[in-house]
Amino acid sequence: MTTSQSGKGTKTVFTLNTGAKMPGIGLGTWQSKPNEVREAVKHALQTGYRHIDTALAYGNENEVGQGIKDSGVPRSEIWLTTKLDNTWHKRVQEGIDSSLKSLGTDYVDLYLMHWPSSTFDDEKRDKHEEGWDFRDTWREMQKLLDTGKVKNIGVSNFVISNLEKLLKDPSCKVVPAVNQIELHPNMPSPKTMAFCKEKGIHCTAYSCLGSTDSPLAHDKTLQKIAEAKGKSPQQVMLVWNLQRGASVIPKSVTKSRIESNFQIDGLELTSEEMQTLSSIPDRFKVCGDAWLPIKVFFNEEGDGGKTPSH
Ligand SMILES: NC(=O)c1ccc[n+]([C@@H]2O[C@H](COP(=O)([O-])OP(=O)(O)OC[C@H]3O[C@@H](n4cnc5c(N)ncnc54)[C@H](OP(=O)(O)O)[C@@H]3O)[C@@H](O)[C@H]2O)c1
């Protein structure tokens with residue numbers, strides 16, 4: 001099955017290759033501290049967001065779950081994504097059980113392999129798990145679909161060469177529904193997006209605003225377009241990604257920003273503006289692979305990655 005897109009702005013919905021409908025805009029929660037994220041999640045849901053992105057590695061699933069409950073929005077109306085941490089690749093069943101317990105729910109809408117890198121355990125996080133790679137992890141993740149604990153499965157931080165390796169493996173029976181990758185005007189990755197589209201894999205844009213202390217907030221090209229539209233650079237970046245077919249998960253713990261990131265209805269970019277934003281020559285990557293025991297980015301399209309973070 002292929003993917004498709006309907007609606008505009010906050011009403012954007014992406015239909016995944018499973019037929020599931022994912023709201024186009026969600027709240028990101030990386031680096032949202034436990035004492036901040038509960039309120040942020042509650043506020044986002046009360047503002048109208050219906051999609052929350054978290055991960056076991058963020059250490060805040062518990063508070064994300066509490067924020068969902070505080071909001072009063074029924075669980076059935078919320079798209080909830082979480083991710084399998086690198087040290088849990090050999091313990092997929094335990095990984096999802098741990099996340100569900102922390103989140104206080106009995107299923108997630110989307111479960112992602114956070115990185116294509118299997119490490120030993122928390123003490124040996126810097127060592128690659130020999131004799132085990134992301135294809136083995138995917139084989140285990142596929143089994144989760146029969147348990148009802150996950151509605152859809154996907155990957156994250158997969159470049160084209162790793163996707164090809166995964167898709168051609170005989171044990172790969174399920175095409176990932178989503179590939180969550182870094183996408184902003186300084187890292188547009190058009191080849192990866194085109195490859196994913198061809199294979200029926202939806203792309204979600206992480207660090208879609210350029211992350212903490214984003215240089216994009218001061219980009220002259222972006223500022224000019226934002227001023228002409230009477231909108232903020234952040235709102236323009238969100239619409240740019242939505243219009244090119246990627247869902248967005250902007251992170252904020254600031255109430256006014258959570259609200260303004262959701263005030264994008266009526267904002268449309270012309271094909272010329274889209275092209276201008278996709279052609280900003282500067283490149284930077286928020287999430288590199290230097291902190292991992294193996295390389296996962298191979299500079300296939302300016303994604304060599306030098307920053308040691310995730
Ligand atoms: N799969 C992966 O490996 C991966 C990697 C990175 C991120 N992610 C996911 O993607 C989400 C988003 O990425 P991100 O957290 O790196 O960065 P981001 O959403 O691009 O940017 C977040 C930063 O922008 C600020 N901000 C938010 N809205 C703003 C606005 N309207 N005006 C000015 N500043 C604004 C936030 O500050 P305040 O919070 O202080 O308001 C925060 O410092 C993450 O939270 C996480 O859920 C996934």
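**Figure 1. Close-up of the loop between strand 9 and helix 7 in the predicted model, with Asp213 at its centre.** Asp213 belongs to the loop that runs between strand 9 and helix 7, the latter spanning 220-229. Although Asp213 is not a glycine, its phi is positive, at about 50°. Asp213 counts as exposed because 6 C-beta neighbours lie inside 10 Å, a number that falls under the criterion of 12 or fewer for exposed residues.

**Figure 2. Close-up of Asn157, in the loop between strand 7 and helix 5.** The loop that holds Asn157 lies between strand 7 (153-156) and helix 5 (160-167). Asn157 has a positive phi of about 60°, although this residue is not a glycine. With 25 C-beta neighbours inside 10 Å, Asn157 counts as buried, the criterion for a buried residue being 20 or more.

**Figure 3. Close-up of the seven-stranded open sheet and of the pairing between strand 8 and strand 9.** The seven strands of this open sheet follow the order 4-5-6-7-8-9-10, and their pairing is parallel. Strand 4 (51-53) and strand 10 (247-248) form the edges of the sheet, each of them pairing on one side only. Within the sheet, strand 8 (residues 178-182) and strand 9 (residues 202-206) run parallel and are joined by five bridges. Two of the facing positions can be followed here: Gln180 stands opposite Thr204 in strand 9, and Glu182 stands opposite Tyr206 in strand 9.

**Figure 4. Close-up of strand 9 and the two ways in which its residues point.** His202, Thr204 and Tyr206 point one way from strand 9, whereas Cys203 and Ala205 point the other way, and all are buried. Because five of the five residues of strand 9 are buried, this strand is largely enclosed by the rest of the structure.

**Figure 5. Close-up of Ser247 in strand 10 and the residues in contact with it.** Ser247 lies in strand 10, which is one of the edge strands of the seven-stranded sheet. Ser247 nevertheless counts as buried, with 28 C-beta neighbours inside 10 Å. When residues up to four places away in sequence are not counted, Ser247 touches Phe14, Met22, Gly24, Gly26, His202, Thr204 and Ala205; among these, His202, Thr204 and Ala205 are residues of strand 9. Ser247 and Cys203 are 44 residues apart in sequence, and their C-alpha atoms are 6.8 Å apart in space.

**Figure 6. Close-up of the three-stranded open sheet with antiparallel pairing.** The strands of this open sheet are arranged in the order 1-2-3, and they pair in the antiparallel sense. Its edges are strand 1 (4-6) and strand 3 (21-23), each of which pairs on one side only. On average, and with direction ignored, neighbouring strands of this sheet are turned by 25° against each other. Strand 1 and strand 2 (residues 13-15) make an antiparallel pair over three bridges, and in this view Ser6 stands opposite Val13 in strand 2.

**Figure 7. Close-up of the crossing between helix 2 and helix 3.** The axes of helix 2 (residues 61-71) and helix 3 (residues 92-103) come within 7 Å of each other and cross at roughly 45°. Helix 2 is therefore oblique to helix 3. Where the helices meet, Glu61, Asn62, Val64 and Gly65 in helix 2 face Ser99, Ser102 and Leu103 in helix 3. Sorted by class, the residues in this contact are two nonpolar, four polar and one charged.

**Figure 8. Close-up of the largest nonpolar core, with Val41 and its contacts.** In soluble globular proteins, nonpolar side chains tend to be buried together. The largest nonpolar core of this model has 72 residues, and those with the most contacts inside it are Leu27, Val41, Tyr111, Cys208, Leu238 and Val248. Helix 8 (residues 233-243) gives the most to this core, contributing six residues. Once neighbours within four places in sequence are left aside, Val41 is in contact with Leu27, Ile52, Val64, Gly67, Ile68 and Ser71.

**Figure 9. Close-up of Glu198 in helix 6.** Glu198 is found in helix 6, which covers residues 190-199. With 9 C-beta neighbours inside 10 Å, Glu198 counts as exposed. Glu198 and Tyr49 are 149 residues apart along the chain, and their C-alpha atoms are separated by 29 Å.

Methods: Residues numbered from 1 in each chain as written. Predicted model: local features only at pLDDT ≥ 70, side-chain atom pairs only at ≥ 80, totals over all residues. Pairing = 2+ DSSP bridges. Helix = DSSP H or I, 4+ residues; strand = E, 2+ residues; numbered from the N terminus. Axes fitted to C-alpha atoms, helices over the stretch in contact; angles between N-to-C directions. Core = buried A, V, L, I, M, F, W, Y, C linked by C-beta atoms within 7 Å. Contact = placed C-beta atoms within 7 Å. Parallel < 35°, antiparallel > 145°, perpendicular 65-115°, else oblique. Nonpolar A, V, L, I, M, F, W, Y, C, P; charged D, E, K, R; others polar.
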